Amino acid sequence: MLKNNLFNRKNKYQLIHSLDKEQFERTTCSFYRYIKIDDLINIRNQLYTKLIELHCLGRIYIAREGINAQVSVPMPNWDAFIYILDSFTEFNNMHIKPAVTHSKYSFIKLIVRVKNKIVADGLKDDLVISPNEETYLSATEFNEAMDDPNSIVVDMRNYYESEVGHFDDAICPDAATFKELLPIVKEMLNNKKRNKLLLYCTGGIRCEKASAYLKSHNFEDVYQLEGGIISYFHQVKEKNLECKFIGKNFVFDARMGENITDDIISKCHQCEAPSNRHTNCNNQACHILFIQCEECDICF
């Protein structure tokens, strides 16, 4: 049993009210690492206790295979936040990716949860994740690799993510979950094992598993965009590179997306007007995520 001070006890309105009163800026960031973690409950409780004292918010999943986190950190507490991560051997010197856009309300509470896996893959056997720097591509390298006629670009995200933004000529499978996506991609590429596969996702974590999965099925020439779309955007901006990603990068928090380019490549599911605005269905029996323009939102 967890002690009362090891999980949130406030309701949504109390949490938003607390955010309204804050006098400091926040930054939204994400990080992950595949690493063996043994003492899950103890580490979970330590993380929650230390981060809540810094007023950090967000969603952190830990499992025996590693950590996956999206966090909102008060800027005055940034150094203390890094110090806490570094105090854990498993999370020392973590590669942290700042969001493309920031919002005080990206998260309203802190969740630190022990899971079976940090990315649900639906596989019975655990994949051996062996990061290989030679297969990580920077934004410059990814752009160059895309120009190779032997390359195939594969979006390792769900259909509702790629619907609003994706790389030029990328294969965007029609899958609602990552565990659905893996066998679909394997089947789609089964006769393409001699091609160079270029995988990408939001921040890199799904590509790590997808790469290991494909290699376990005899795909050899598999590469991934290091740091995902988020890092790609920052590198393109810093180095003044050509941006080959078009549209919006979907994110799993209250922002629901960050514009990489101003292009709107999707349509409202009701009126078919150009829109990249995701919303949840208000029908309590539904709650499906779909694209709805502001006009239809007002009307319906």
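**How the labels around β9 are earned**

Student: This is a predicted model, so what makes strand β9 (residues 196-200) count as mostly covered?

Tutor: In β9, 5 of its 5 residues are buried. K196, L198 and Y200 point one way, L197 and L199 the other way, and all are buried.

Student: Why is D155 called buried?

Tutor: Buried means under 20% relative accessible area. D155 comes in at 0%, so the label fits. D155 lies in strand β7 (residues 151-155).

Student: What makes the link between the side chains of D155 and Y200 a polar contact?

Tutor: The cut-off for a pair of N or O atoms is within 3.5 Å. The D155–Y200 pair sits at 2.6 Å, so on distance it passes. Y200 is also among the residues that D155 touches, along with others including H166 and L181.

Student: How do you know that β7 and β9 pair?

Tutor: Pairing takes at least two bridges. β7 and β9 have 5, in the parallel sense, so they qualify. One example is V153, whose bridge partner in β9 is L198.

Student: And what joins β9 to strand β10 (residues 222-225)?

Tutor: 3 bridges, with the strands running parallel. L198 turns up again here, opposite Y223 in β10. The chain gets from β9 to β10 through helix α7 (residues 205-216), in a right-handed β-α-β crossover.

Student: What makes β11 (residues 245-249) and β12 a pair?

Tutor: They have 2 bridges in the antiparallel sense; the rule asks for at least two, so they count as paired. K248 has N259 of β12 as its bridge partner.

Technical notes
Residues are numbered from 1 along each chain as its sequence is written. This is a predicted model: local features need pLDDT of at least 70, side-chain atom pairs count only at pLDDT 80 or more; totals for chains, interfaces and linings use all residues. Side-chain values use heavy atoms; hydrogens and water are left out. Helices (H or I, at least four residues) and strands (E, at least two) are DSSP runs, numbered from the N terminus. Buried means under 20% relative accessible area, exposed over 50%, partly exposed in between (1.4 Å probe, protein chains only). A polar contact is a pair of N or O atoms within 3.5 Å; within protein, one must be able to donate a hydrogen and the other to accept it, and residues adjacent in sequence count only if both atoms are side-chain atoms. Contact means heavy atoms within 4.5 Å. A crossover is right-handed if, with the strands pointing away from the viewer, the path from the first strand over the helix to the second runs clockwise. Lists of a residue's contacts leave out its neighbours within four places in sequence.
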